[in-house]
Amino acid sequence: MQILLLCSEYEGLIKTGGLADACYGLAINLKAAGHEVTVMLPRYAPLYSRPTGESDALFFELGGQEYGCAVRQLLSHDVDIRVVEHDDFFQRERPYDDGKHGYADNPLRFGFFCKAALEWAKHYLPEVDIIHGHDWQTGVAAAYLKQHYAHDPVLGGIPFVYTIHNGAYQLTTDHYWFGRLGLQANDDQFLNMLEQGIRHATKLNTVSVGYRDELMTEPAANGLSALYQRRAADFVGILNGCDYQQWDPATDDALSANFSIHDLSGKAQCKSHLRQRFNLAELDVPLFVAVSRITGQKGFDYLIPALRRWLPNTTAQVFLVGSGDAEYCRQLYQLQHDFNAQFRFFEGFDERLAHQTEAGGDFFLMPSLFEPCGLNQLYSLKYGTVPLVRLTGGLRDTVQPWPGAAATGIGFTEISVEAMQSALEQAETLYQQPKQYQQVQQRGMQQNFSWPAAVNEYQALYLKARNVHLAEDLCS
């Protein structure tokens, strides 16, 4: 199939979170499966330094106004990458905000991106079979296909598959924007960009079966449960894959020592290296680690007070890497001050440090309030760092809690400081039983959440979407 992926992030080009990893992994593995894949995203400021090849000019109308832009091909990539270039809209260092607030013109920026992508496909990708959008930034493309291109000789009847990576991000804005973006208005007081995709896409999916089930009810659906329920027959969960070419402790060049399930000696060296770098004592105690966005979604409302209760009563050590909410960061620095022998916080993000942290820990902390899929627990399993998770969304789908014959991690369900503290204590108990700990650790390292399995499910979803339009064509 000829597949057009519409993304706002892509690993190696622009990234704020797991959306970039997922879009990259899907594109690369669809191509490996034999499909023709084109990825389109905005040309943000950091992409202006990238070498370009082909360049196409577009002129089109949106909401009663005329616009123009260039679509340029980025060179030296494994798949065909096209970027929509419009200096006023996209030549900004950050994709969505100025560091504090979302850009006021985000509805227009991403409505424009969607319209430009469809216009480019109409003129320059006439054999396209599937258009696949990701998250709220591409939602209105589904509406445009139905409302602007239903009878177009190229795009008419092209199915739109829509992936929701995080249903909490919706971009809800004033009703005014329906007209400004050339969308058919409905009775809603506001325009919701995510809702437009859910309402108009041919088929929908989210990034785990567990999260799909959670979106059927509130509060997980953030006000859209009735719409998800109406689309239930077209809505599936497909777990994101893990890129084991980048995340394999046996070959990872970011590690101070490599290791595998057959020889874990290198993992001990990684733990020692991490401790030496961040001045933690070399003791026979467990090292709990995390690499995370520092936000409420990641469970810091109950993780921080649980750590404050637990650390005075344990000799365990904790090392956290991440950036985000200033108040949470302040509290983490205070923990470091109060428990200087046990706790370290590195504010910021460093890709090589992220890999070293995954490799050096005994347990990986991921107590998310909600987690559509999650990738770090998949990395942790492969790196023999037993994940400690709240059993929600994709975490519930990928981590089996101890005790149990199939256990691969520590799990809890209740959203509370007490449940978090109990999980930390349970992890300590497991660590103090070396034989059981090793069984859980090695069972986790044997797990395989590779992209080819996910691609098979996406191929099936694409075929179902195409069959829907074929049936509609026959009926008409």
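Here is a short conversation about strand β16 and the cysteines in this predicted model.

Student: How many residues of strand β16 are buried?

Tutor: Let's look at both faces of the strand. V386, L388 and R390 point one way, while P387 and V389 point the other way, and all are buried. For β16, which spans residues 386-390, the number of buried residues is therefore five of five.

Student: Which residue stands opposite R390 of β16?

Tutor: Start with the neighbouring strand, β17, which covers residues 410-412. β16 and β17 pair in the parallel sense over three bridges. Within β17, the residue opposite R390 is F412.

Student: Which helix makes a right-handed β-α-β unit with β15 and β16?

Tutor: The two strands pair in the parallel sense over four bridges, with F363 opposite V386. A helix at residues 376-382 completes this right-handed unit with them, and that helix is α13.

Student: And which helix goes with β16 and β17 in a right-handed β-α-β unit?

Tutor: Again the strands are parallel partners. The helix that makes the unit with them spans residues 393-398, and its name is α14.

Student: How many disulfides does the model have?

Tutor: A good one to reason through! A disulfide needs two cysteine sulfur atoms within 2.5 Å. The sulfur of C7 is 3.4 Å from its closest cysteine sulfur, in C23, so that is too far for a bond; for C69 the closest is in C114, at 12 Å, also too far. By this rule, the count is zero.

Student: Is C69 buried or exposed?

Tutor: The cut-off for buried is under 20% relative accessible area. C69 has 9%, so C69 is buried.

Conventions. Residues numbered from 1 in each chain as written. Predicted model: local features only at pLDDT ≥ 70, side-chain atom pairs only at ≥ 80, totals over all residues. Heavy atoms only, no water. Buried < 20%, exposed > 50% of the residue type's maximum accessible area, 1.4 Å probe, protein only. Pairing = 2+ DSSP bridges. Right-handed = clockwise from strand over helix to strand, strands pointing away.
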